[in-house]
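Colleague: Please take me closely through one part of this model, the pocket and the ligand inside, and tell me how each term is defined as you go.

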Amino acid sequence: MTADNTQQVPQHIAIIMDGNGRWAKQRHQPRFMGHRAGVKTVEEIVKHCAESGVGVLTLFAFSSENWKRPTKEVSLLMELFALSLKQQAKRLHKNNIRLLIIGDISKFSASLQKKISQAEQLTENNTGLTINIAANYGGHWDITQSVKKLAEKVKAGELNPDDISEESIAEGLTTAILPEPDLFIRTGGEQRVSNFMLWQLAYTEFYFTDTLWPDFNSEKLDSAIRSFFQRERRFGKTSEQIKDDNDA
Ligand code: IPE
Ligand code: IPE
Ligand code: MG
């Protein structure tokens with residue numbers, strides 16, 4: 001995707017990759033086949049974002065609510081996650097891509113936790129695209145764990161409750177080092193946030209598509225980015241103010 005001077009590629013794209021199960025069902029296959037096909041889409045989208053100059057790509061891979069799924073599906077998803085990390089870590093590193101995982105990984109098996117920290121360490125100094133995988137992630141959990149850290153500081157006498165600010169809550173979120181998402185995409189036709197980055201999406205542009213995640217591809221991502229270019233981000237200001245700001 002090429003952008004002219006007035007159109008900046010979104011610096012942070014956050015995606016709810018939904019529709020794997022329905023994709024498999026359409027083909028009379030088990031749901032797992034949809035998840036496997038979804039991994040292929042992840043590879044294509046990562047490559048395309050890296051080539052397009054996107055800074056951060058956040059992918060919602062497993063929500064804190066997804067534990068409620070049948071045990072078999074959950075364990076297959078964990079295996080697929082571990083396998084993908086193993087297969088992809090070196091390739092990401094070779095392509096100067098940094099990998100981050102956000103979410104409560106303490107609930108994962110010891111071996112998966114180890115693979116996660118190895119992949120993060122391997123890629124930590126890379127300066128190209130950052131891929132941020134949300135795994136066992138929930139927006140409520142993220143805000144709660146940030147507030148808990150502040151409460152601990154108050155208890156220790158290091159922080160006055162009056163000094164708790166939007167900034168201090170944001171600094172404790174798992175995404176503290178990342179810019180807020182510019183563009184949110186949800187595939188699979190549902191128009192809801194499903195406890196994704198609740199704090200971080202405050203001013204993000206939303207894009208919903210009926211395309212099921214395994215059918216999503218670079219061209220469809222470009223359509224979402226084109227839609228983003230049509231939006232006027234006002235952040236509470238008037239349209240006239242935004243035009244004046246742009247002319248200045
Ligand atoms: C998204 O696809 C992947 C995960 C939640 C892990 P789904 O598995 O939710 O697919 P549908 O929504 O049932 O089609
Ligand atoms: C959201 O999809 C979570 C991920 C894509 C990882 P779900 O399919 O779990 O969302 P709901 O339950 O339909 O809202
Ligand atoms: Mg779903």
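**The pocket and ligand 2**

Modeller: The largest pocket is lined by 45 residues, and those nearest its centre are Met 17, Val 42, Phe 60, Ala 61 and Trp 213; a pocket here is an open set of points on a 1 Å grid over the protein atoms alone, where a 1.4 Å probe fits, with protein on both sides within 12 Å along at least five of seven lines, and a lining residue has an atom within 4 Å of a point. The model is predicted, so local features need pLDDT of at least 70 and side-chain atom pairs pLDDT 80 or more, whereas totals for chains, interfaces and linings use all residues. Residues are numbered from 1 along each chain as written, chains are lettered from A and ligands numbered from 1 in written order, and side-chain values use heavy atoms, without hydrogens or water.

The volume of this pocket is about 1,200 Å³, and its lining comprises 23 nonpolar, 11 polar and 11 charged residues. The space is the one taken by ligand 2, whose surrounding residues (a heavy atom within 4 Å) include Ile 16, Met 17, Phe 60, Ala 61, Asn 66, Arg 69 and Arg 186. Strand β2, residues 56-63, contributes the most to that shell, with 4 residues, and the shell as a whole holds 5 nonpolar, 3 polar and 4 charged residues.

Oxygen atoms of the ligand also make polar contacts (N or O pairs within 3.5 Å) with side chains: one is 2.6 Å from Ser 194, one is 2.7 Å from Arg 192, and one is 3.1 Å from Asp 18.

Notes. Polar contact = N/O pair within 3.5 Å; in protein donor to acceptor, adjacent residues only side chain to side chain. Sits in = over half its atoms within 2 Å of the grid points. Helix = DSSP H or I, 4+ residues; strand = E, 2+ residues; numbered from the N terminus. Nonpolar A, V, L, I, M, F, W, Y, C, P; charged D, E, K, R; others polar. Points joined across faces, edges and corners; volume = space filled by probe spheres on them.
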